[in-house]
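Here are some worked exercises to try with the model open beside you. Take each task on your own before reading its solution.

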Amino acid sequence: MLAASAQSQSADDPLSGLVVGDHADPEVPKGWTTVRVRAAALNHHDVWSLRGVGLPADRLPMVLGCDAAGVTDDGEEVIVHAVIASPGWTGDETLDPRRSLLSEVHDGTLAEVVAVPKGNLVLKPEGLSFEHAACLPTAWLTAYRMLFTNAGVRPGDTVLVQGAAGGVATAAVQLGSAAGVRMWVTSREAAKGEQAVALGADRAFGSGERLPERVDAVLETVGAATWSHSINSLRPGGTVVISGATSGDNPDKAELTKVFFKQLRVIGSTMGSRTELESLARFVVTSGIEPVVDSTMPLADARDGFARMVEGQVAGKVVFTV
Ligand SMILES: NC(=O)c1ccc[n+]([C@@H]2O[C@H](COP(=O)([O-])OP(=O)(O)OC[C@H]3O[C@@H](n4cnc5c(N)ncnc54)[C@H](OP(=O)(O)O)[C@@H]3O)[C@@H](O)[C@H]2O)c1
C-alpha cells in the first residue's frame, strides 16, 4: 500500500528520513480492525517523529500519522481515535500510563489502510466531510479538551490563546468563539493575528503585548517563549492549560511566586478521550464549524505538506486525500 513513513531520523533535517511510497500492509492484532483511509491530516507530532523525538529509532520503519477518517470493511464511515490504550484499560484512555498514539508503537494513518482497536472508531456524523473529519483527532481534540474540560470556561469568559496560527490554536479559536467564549490571541506576526480574528477571535495582540484586562484562562502550546506572559495575563484564580512547548520547555522564569500568590491553576492536557472526540464531532457539525485547512493534497505528495510544516508555513491543517 501507499504510505508516508519514517525510515530514519535527523534532528536537523527531518525530511531526509521521510519516504512516501510502497509499504507493507499493517498487522491487525486480535480485537483490531482495518479502516480504508479516505483523508488523513498532518500534525507536528509527525515532524517530531522524523526528528527522533518520541519515536525510538529501533521502532523504524514506522508509518506516520495520528489523524484519519475513512471506511470500515462493513462500509461504516468513521473517524479514528488516535490514543491506543493498553489491553484491558477502561475509562479515559489519556490517563493510561501505557497508552501510545498511532505511529508511536503501531503504524499510523498516513497510508491507504490503518489498523486500529475496534473501540477506537467513532462514527463520522453525516454532514462532516472526510477531509474535515480527518482534522479532528489530534489538534482539534486537544483544543476541545483544553478549552471545555480543563479550562472549564463558560460562554462570556475570556480566553487567551498563545501563538495564533498553530493547529491547536486555530481549532481553539473556532471552537471557543462558536461556544460564546471571548477568544483573544497573540502572534508574532500581525497577519496571523488578523487571520485568527477572521476565524472568530475577538482581538489579536502582538506576542508578549500587555492585555487591556486579565483573562479567565490561557491556552498555552508555545511554551518557554510565552510562559511568563501567560502567567501575567491571568486574573487571580485563573487557569493556564498547557499541552505543548514548541519553543522549548525551559522558560527563563517558572513564575512560581505569581502562581501561588495569584492562586493560579496550572493544568497539563494531552489529546482527549474517545467520548470527547464523539462530542467534538457532534459540536463541529451542529455549530457549522469548518476546520481551517491550510492545504489539501494527495497522499502521494505528502512530502510537500511535511515541507510546509517544517518551514513554518502552515496555517490550519494539512490534509492528505487517499
Ligand atoms: N499534548 C497534546 O496532546 C498535543 C496535541 C497536539 C499538539 N501538541 C503540541 O502543541 C504544540 C503546538 O502544535 P501545533 O501543531 O498546534 O502548532 P505549532 O506549529 O507547533 O505552532 C504553534 C504556534 O507557536 C508559535 N511559536 C512557535 N515558535 C515560537 C517562538 N519561538 N516564539 C513564540 N511563538 C512561537 C507560533 O505562533 P505565531 O507564529 O503566531 O507567533 C505557532 O503558530 C506542539 O509542540 C505540539 O507538539 C500537543
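**Exercise 1. An unusual serine**

Does S103 count as buried or exposed? Then find where S103 sits and look at its backbone.

Solution. Keep in mind that this is a predicted model. Step one: the cut-off for buried is under 20% relative accessible area. Step two: S103 has 0% relative accessibility, so S103 counts as buried. Step three: place S103 in the loop between β8 (100-101) and β9 (113-117). Step four: read phi, which is near 85° for S103, a positive value in a residue other than glycine.

**Exercise 2. Another positive phi**

Repeat the steps for E255: in which loop is its place, and is E255 buried or exposed?

Solution. E255 belongs to the loop between β15 (234-242) and α7 (256-261). Its phi is near 60°, again a positive value in a residue other than glycine. The relative accessible area of E255 is 7%, so this residue is buried.

**Exercise 3. A loop arginine**

Find R210 and decide whether this residue is buried or exposed. How far apart are R210 and A4 in space?

Solution. Start with the loop between β13 (203-206) and β14 (215-220), where R210 has its place. Exposed means over 50% relative accessible area. R210 has 72%, so R210 is exposed. Now go from R210 to A4: they are 206 residues apart in sequence, and their C-alpha atoms are 43 Å apart in space.

**Exercise 4. A pair of rings**

Which kind of pair do the rings of F306 and F320 form, and which elements hold these two residues?

Solution. First, the count of aromatic pairs in the model is four. For F306 and F320, the ring centres are 6.4 Å apart and the planes meet at 10°. Planes under 30 degrees apart count as stacked, so F306 and F320 make a stacked pair. Next, F306 is in helix α9 (residues 302-310) and F320 in strand β18 (residues 317-321), so the pair ties together parts that are 14 residues apart in sequence. Both phenylalanines are buried. Elsewhere, ring pairs join Y144, F148 and F283 into a cluster.

**Exercise 5. The surroundings of α9**

Which residues of α9 are buried, and what do they pack against?

Solution. The buried residues in α9 are A302, G305, F306, A307 and M309. Their packing partners are β1 (2-6), β2 (18-22), α1 (44-51), β17 (293-298) and β18. Following the helix onward, G312 comes just after α9 and has a positive phi of about 75°.

**Exercise 6. A cis bond**

Where is P61 found, and what is omega for the peptide bond from L60 to P61?

Solution. Look in the loop between α1 and β4 (62-63), which holds P61. Omega of the bond from L60 to P61 is near -5°, and the bond is cis.

**Exercise 7. The whole chain**

Which radius of gyration does the chain have, and what would a compact globule with 322 residues have?

Solution. The chain has 19 Å, and a compact globule with 322 residues would be near 20 Å, so the two agree. The C-alpha atoms fill a box of roughly 55 × 40 × 40 Å along the principal axes. Within the chain there are nine helices and 18 strands, and 54% of the 322 residues are buried. Of the contacts with a separation of 6 or more, 70% come from residues 24 or more positions apart. To finish with charge, the chain carries 27 positive and 38 negative side chains, with the centres of the two sets 8 Å apart.

Note on methods: Residues are numbered from 1 along each chain as its sequence is written. This is a predicted model: local features need pLDDT of at least 70, side-chain atom pairs count only at pLDDT 80 or more; totals for chains, interfaces and linings use all residues. Side-chain values use heavy atoms; hydrogens and water are left out. Helices (H or I, at least four residues) and strands (E, at least two) are DSSP runs, numbered from the N terminus. The radius of gyration is taken over C-alpha atoms; the globule rule is 2.2 Å times the number of residues to the power 0.38. Buried means under 20% relative accessible area, exposed over 50%, partly exposed in between (1.4 Å probe, protein chains only). Contact means heavy atoms within 4.5 Å. Lys and Arg count as positive and Asp and Glu as negative; His and the chain ends are not counted. The place of a charge is taken as NZ of Lys, CZ of Arg, CG of Asp or CD of Glu. Rings of Phe, Tyr and Trp (its six-membered ring) pair if their centres lie within 6.5 Å; planes under 30 degrees apart count as stacked, over 60 as edge-to-face and the rest as tilted.
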